[in-house]
Amino acid sequence: MNRIIMLGLRHRLLLLLTITALTVLAAVGMQGLHIDTGTESMIAKGSASHLRYEAVVEEFGSDKQTLIFVRDKALWSTEKLTYLKALHTRLAALEIVESVEDLFTLRSLRGEEGRISSTLLMDYIPQSPADVDQLKKDILYNPLVKGNLISAGGEALALMVTIRPSAMQQLGHAKVYEMMQQEINPSSMHFERLFQIGAARIQTEMEETLFLDMRNLAPLSAGLILLVILLFMRSVTAAFIPLLTAGISLVWTLGMMGWAGIPVNILSAMLPTLIIVIGSTEDTHLIASFLATRRQYPDREPEFCVRRMLNKMGLPLLLTILTTVLGFAGNIFSNMELIRDFALASSFAMLANGLITLMLVPVMLIMMAAPKTSGNRASGEGWLSRGILQLNNQSNLSLQRLLLGGTLLLCAFFLYQASKLYVTNDPMSYFKQDRALITDANEVHLHLAGIKTFFITVQSDEEQAFLQPKQLRKLEVIESFIHTQNVFDRSISLVDYMKLLNREFHAGDEQWYELPNNKEMASQYLLFMHRQELKRYVSHDYRRAMIVVRHHISDSNLLNRSVDELREVAAEIVGADMQVYIVGENLMINEEADSLLHAQVESLMIFLGIIFLLMSAMFTSFKGGLIAMVPSLIPIILMFGVMGLLGIPLNPGTAMVAVIAIGIAIDSTIHMLSSYNKHSRDMGNAALAVQKTVYEEALPMITTTVALALGFGILLASDFAIIGQFGALAAATMLFALFANLIVTPLIMSRMRLVSLYDILALSMDKQALRSSQLFNDMSDYQIRKAMLISEMKNFQKGARIIEQGCLDRSMYLLIRGEVDVVHHAKDGDDMLLARLKPGDLFGEIAFVGEIRRTADVIAIGAVSVVKFDYERLKHDLRYFPRIVAKLNFNISYILGKRLAGTLKD
Amino acid sequence: MFQPSVIKRSAVVSMLLVYVAVLLFVSIGMFSTPLYATAVTIKHDEQSMRLAELTGQEIIMESLRRHELYPYVYEEQTLILMDEKQHRDVRRIQRYSRLEKSGSLKAMIKFIYPESIAGASLLFMRKQNGLRNSRFYLPALAMKPINYSGSVLGSQMLGSEFSLEDLMPENIHAFVYHRIADVMDNDRRYFVVQAVATASEDIHRTYVKRILLIRQDNFFVTHIDYLDEESQLLKRQTRHDIRQVNGEMWRADMVMVENFVNHHRSILKIDRRVYSIDYVPASMFEIANHLDGTAGPLDNARASEQAERAKSTAAMNISEAGEIR
């Protein structure tokens with residue numbers, strides 16, 4: 001493994017050339033980048049509901065209309081109406097506009113005794129105030145228009161513009177929005193309020209915000225990382241290297257997106273920040289290790305320090321890169337294109353950044369040859385590490401129990417809070433609530449119906465079904481139910497037209513505001529309607545009818561629940577001979593919220609599962625896997641609890657926090673556990689090993705966590721609410737993970753010892769000496785190393801007494817290096833040399849097998865290395881490895897038997 | 001592959017068809033037109049007319065004189081409504097029109113298909129001074145005809161792209177006609193006349209502006225563009241299957257209106273046309289007045305009964321007309 005890690009170091013020029021070439025290639029690929037802020041990426045395409053939606057839109061028209069909102073206290077004057085007409089004319093004349101539905105195009109049917117008139121709601125502009133007043137009354141008389149296109153008081157109205165789908169595709173939403181705005185602007189001065197709101201504006205604003213975020217957030221993050229690293233590490237080199245690696249990674253990522261056709265979406269706005277912030281952690285770990293080595297070996301050249309740094313950090317770093325990549329890739333199977341694309345781009349970014357860091361940073365450190373004076377341990381280290389250490393040192397058993405108990409209680413409380421979590425996927429909720437777009441949407445909702453629409457389609461096999469009063473009545477009952485639900489603003493269907501016609505053909509008598517009694521009457525009334533006016537409500541053959549529902553709900557949970565209820569009731573109303581479907585783009589986006597929740601749980605479970613397996617493999621035991629999970633689970637629970645407590649919804653942004661944050665936080669756990677293992681093996685004392693680990697790891701851990709938390713916090717400056725929420729939650733989760741790693745993990749660590757995979761891999765010993773030892777006869781390399789690693793390595797100087805005759809202990813020793821004498825002290829004072837042992841020989845095995853006093857001294861006759869096997873520890877740590885224990889026991893028995901045979905022979 | 005025998009065969013068949021068509025045309029002309037051709041004086045002084053010097057007004061007057069002044073016309077029509085997705089809706093209509101000696105015009109459009117709207121009728125009257133009145137009779141309502149009023153844009157006739165105005169002879173009182181540059185199309189020269197609503201006319205009840213293309217050889221209007229105040233094209237009427245009916249009189253057997261705002265089309269096909277006073281008796285226009293009473297939610301049975309009666313009355317009138325023929 002080290003050969004791979006050292007590869008860049010060995011071929012520096014080739015490495016630099018390769019990185020340069022790949023960066024140029026990526027820069028070329030960036031030309032192919034495209035932006036997608038469309039709502040389509042928030043929908044699971046190809047699903048049954050999506051196909052049904054497309055069919056409905058094809059038949060009845062789109063639910064994506066642009067609403068031009070006009071409000072003015074003096075709206076009902078000849079002057080203002082003339083301006084309104086001019087606005088209508090300009091909009092209708094636009095090539096991109098398919099139709100404009102407003103007072104100038106919709107029909108007014110007005111019945112009086114013996115006569116009926118059919119005119120446009122406003123086919124001409126009256127010239128006298130009295131006529132204007134009359135017109136206003138006439139228009140407000142129409143129940144289909146009042147509260148829908150015009151406010152109840154008449155001070156606000158809407159022009160509903162349908163944009164040609166081809167124009168939207170060819171020109172893009174930004175151009176369409178601009179063209180519309182160009183026609184609106186000349187009228188702006190004439191009305192108190194005049195604005196457009198619809199898909200074109202929403203997508204344009206998303207795109208603008210995306211650019212703004214990408215432009216602002218990246219420099220902010222870079223500046224912040226620079227400051228934090230300078231503050232904690234006191235090294236200019238250390239501060240600039242992460243920015244360089246992040247810059248290259250960003251180019252690679254954007255280049256890959258360009259080549260692969262992955263669009264830049266609203267979540268991509270976070271990418272530069274994420275690369276800078278998360279990427280810097282790996283650099284920080286490497287540089288911290290390098291600087292520490294420089295301090296330790298002040299006279300050695302930089303390359304020596306870099307090699308030591310890679311030896312120590314290379315493998316853990318590879319593993320942390322892997323876990324971070326897995327964290328981001330956790331959402332790669334999401335149904336939502338938006339999340340899937342982001343998962344692809346971000347996991348690539350993390351991989352690229354990790355590799356660039358691992359390859360380039362060592363070379364740069366050598367080339368830049370950081371001065372020995374730089375990188376002094378920051379003064380902060382003193383109080384920070386001391387504080388943590390003090391907390392750990394003072395934590396006697398009862399305090400530790402208290403801490404663990406407190407953590408458990410905290411987790412229980414936050415788990416309860418997490419139950420209040422709600423999900424939303426409404427695109428309007430992506431923006432901050434004080435944004436003009438949102439306040440405009442609220443204003444429309446206040447005066448008219450909400451801007452969001454969905455359709456209820458009822459389908460019959462019977463010809464001209466919806467000319468039959470019996471079937472029309474079903475639509476009427478569904479609409480009544482919608483009214484009783486009291487969550488949607490407005491519904492309109494053929495029924496409303498029929499009732500209006502019936503009333504007006506009966507001189508406007510309110511008691512006739514009901515459905516016609518027979519098919520003939522319905523058909524004959526409809527002679528007065530144009531197909532164009534009905535096309536949104538009934539199919540040409542009257543087999544399919546549609547109820548258009550407008551609303552202003554942003555809470556996906558409420559919307560989904562209400563729609564589910566409506567779906568159920570509607571199905572019951574229409575009966576078995578008809579089919580009812582509720583469709584709408586807005587609805588599908590919100591329905592995805594449910595899948596968002598499921599996907600979140602799923603990806604979290606998969607990720608935790610992978611982490612568990614990885615950690616189990618790494619620590620070569622499931623117990624190790626479980627322990628490594630604890631510092632991950634605590635922040636997840638706390639994060640969901642905070643979301644529930646503060647009412648932050650689960651949305652495409654926040655849904656990714658758990659997996660991503662844990663993917664990052666697990667890095668610290670890995671560093672912590674590996675460091676602890678090393679110290680534990682060296683020191684042979686768990687408590688001391690924990691202390692040393694905390695002392696060593698606290699600073700880089702706090703540095704990286706603070707940097708990460710602040711970096712994620714930068715995302716709060718985003719104009720997208722979901723990115724701000726993501727940033728805040730990720731920052732909080734980082735801090736929760738720090739708490740778990742510094743407080744909880746040491747408590748757990750001090751109670752057990754784990755053998756990590758890279759300890760095994762890194763163990764370098766004289767293989768021949770080990771293999772030649774009878775103790776390891778017939779054992780595999782892995783079994784030997786595993787057995788070795790639950791032991792302790794001990795070094796002795798010449799003359800040191802490794803075993804003292806008469807002592808009582810249950811350790812046996814394997815001689816690795818040097819020679820020892822076995823000397824028996826007779827009662828009469830004579831010393832007798834029993835044996836001189838060589839590497840591979842075992843001694844102290846009798847006391848190991850049975851609790852008896854030592855029968856001889858074992859004295860080093862030079863510098864000696866031994867592996868000490870403690871009976872209790874072997875019994876405890878290898879209880880899950882019965883095959884290894886069995887082989888060791890067999891070999892010890894063989895050695896003992898052979899010794900016995902030898903004694904008897906003597 | 002070129003196959004001379006096939007070409008020859010098809011040429012012979014074509015000639016036979018043309019021959020049969022000419023025979024039919026002559027027969028129809030013989031049976032249906034002479035009675036009235038003599039009754040109306042049609043001044044014909046083409047030799048003295050200098051086409052180039054004609055004004056817009058004169059062109060329209062000549063067109064009307066030639067083609068629209070036949071007093072009694074009965075037509076069986078098929079109205080095809082097509083939306084922007086080419087979905088079709090077919091209705092069958094009987095149209096009666098009668099030009100009284102006083103110059104007033106009466107027309108009745110009566111639906112006979114589909115069944116659910118059979119009997120629904122629209123009566124249109126225009127006095128010599130241009131005053132208009134239209135009334136509807138809906139058998140399902142079984143009430144007296146309802147006076148119907150509406151602006152030209154809001155009153156597209158019965159769901160079609162035609163307005164009532166479009167189906168009636170030109171109302172010369174409502175417009176001022178200006179001749180603009182002639183055009184050529186398919187080697188045929190056309191007058192181009194712009195009709196602008198007069199200031200005195202209720203502008204909201206008629207078109208603001210129209211451009212008419214009139215064939216110079218027969219003064220037949222083949223093409224009308226309807227424009228709004230901004231001169232934006234709203235819809236276009238084109239006339240097809242034009243044939244000479246009698247003397248200078250030509251008629252189109254198919255009229256199409258294409259709406260450029262909603263992209264719908266309406267096609268009116270004349271399946272049968274009879275010029276006969278017997279087919280258009282004065283009583284025909286009184287039919288709606290034969291009925292009275294009102295229907296309410298509680299007396300549906302009565303409403304249905306009256307509707308049936310109305311339908312049978314209407315049917316009876318038609319069958320009587322048929323017998324006369």
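Which residues does A:Ile456 touch, not counting residues up to four places away in sequence? I began my notebook with this question, keeping in mind that the model is predicted.

**Entry on the nonpolar cores**

I looked up A:Ile456 and found that it touches A:Ile478, A:Ile482, A:Ala545, A:Met546, A:Ile547, A:Val549, A:Leu566, A:Val580, A:Tyr581 and A:Ile582, with residues up to four places away in sequence left out. I then looked at the largest nonpolar core, which has 274 residues, and noted that A:Ile456 is among the members that touch the most other members, together with A:Trp76, A:Met180, A:Phe466, A:Leu494, A:Phe712 and A:Phe726. Helix H13 of chain A, residues 337-368, gives the most to this core, with 16 residues. Apart from this core I found another, of 21 residues, which includes A:Leu775, A:Phe776, A:Leu874 and A:Ile892. I wrote beside this that in soluble globular proteins nonpolar side chains tend to be buried together.

**Entry on two helices of chain A**

Next I looked up helix H17 (residues 469-485) and helix H18 (residues 494-504) of chain A, whose axes come within 9 Å and cross at roughly 110°. Angles of 65 to 115 degrees count as roughly perpendicular, and H17(A) and H18(A) are therefore roughly perpendicular to each other. On the side of H17(A), the residues that meet the other helix are A:Leu472, A:Leu475, A:Glu476 and A:Glu479, while H18(A) brings A:Leu494, A:Val495, A:Asp496, A:Met498 and A:Lys499. Sorted by class, this contact of H17(A) with H18(A) has 5 nonpolar and 4 charged residues, and no polar ones. I recognised A:Leu494 in this contact, since I had already listed A:Leu494 in the largest nonpolar core.

**Entry on chain B**

I then turned to chain B, whose secondary structure comes to 4 helices and 13 strands. Of the 325 residues in chain B, 51% are buried, and among its contacts with a separation of 6 or more, 50% are between residues 24 or more positions apart.

**Entry on strand S3 of chain B**

How many of the 9 residues of strand S3 of chain B are buried? I noted that 7 of them are, which leaves this strand, residues 105-113, mostly covered. S3(B) pairs in the antiparallel sense with strand S2 of chain B (residues 88-99) over 8 bridges, and it also runs antiparallel to strand S4 of chain B (residues 121-126), to which 6 bridges join it. I followed B:Met108 through both pairings: B:Met108 is the bridge partner of B:Tyr96, and in S4(B) its bridge partner is B:Leu123. Finally, I looked at the hairpin of S2(B) and S3(B), which has 5 residues between the strands, and saw that B:Gly103 takes a positive phi near 100° there.

Technical notes. Residues are numbered from 1 along each chain as its sequence is written. Chains are lettered from A and ligands numbered from 1 in the order in which they are written. This is a predicted model: local features need pLDDT of at least 70, side-chain atom pairs count only at pLDDT 80 or more; totals for chains, interfaces and linings use all residues. Side-chain values use heavy atoms; hydrogens and water are left out. Axes are lines fitted to C-alpha atoms, for helices over the stretch in contact, and angles run from 0 to 180 degrees between N-to-C directions. Angles under 35 degrees count as roughly parallel, over 145 as roughly antiparallel, 65 to 115 as roughly perpendicular and the rest as oblique. Contact means heavy atoms within 4.5 Å. Ala, Val, Leu, Ile, Met, Phe, Trp, Tyr, Cys and Pro count as nonpolar, Asp, Glu, Lys and Arg as charged, and the others, Gly among them, as polar. Buried means under 20% relative accessible area, exposed over 50%, partly exposed in between (1.4 Å probe, protein chains only). Two strands pair if DSSP finds at least two bridges between them. A nonpolar core is a set of buried Ala, Val, Leu, Ile, Met, Phe, Trp, Tyr and Cys residues joined through side-chain atoms within 4.5 Å.
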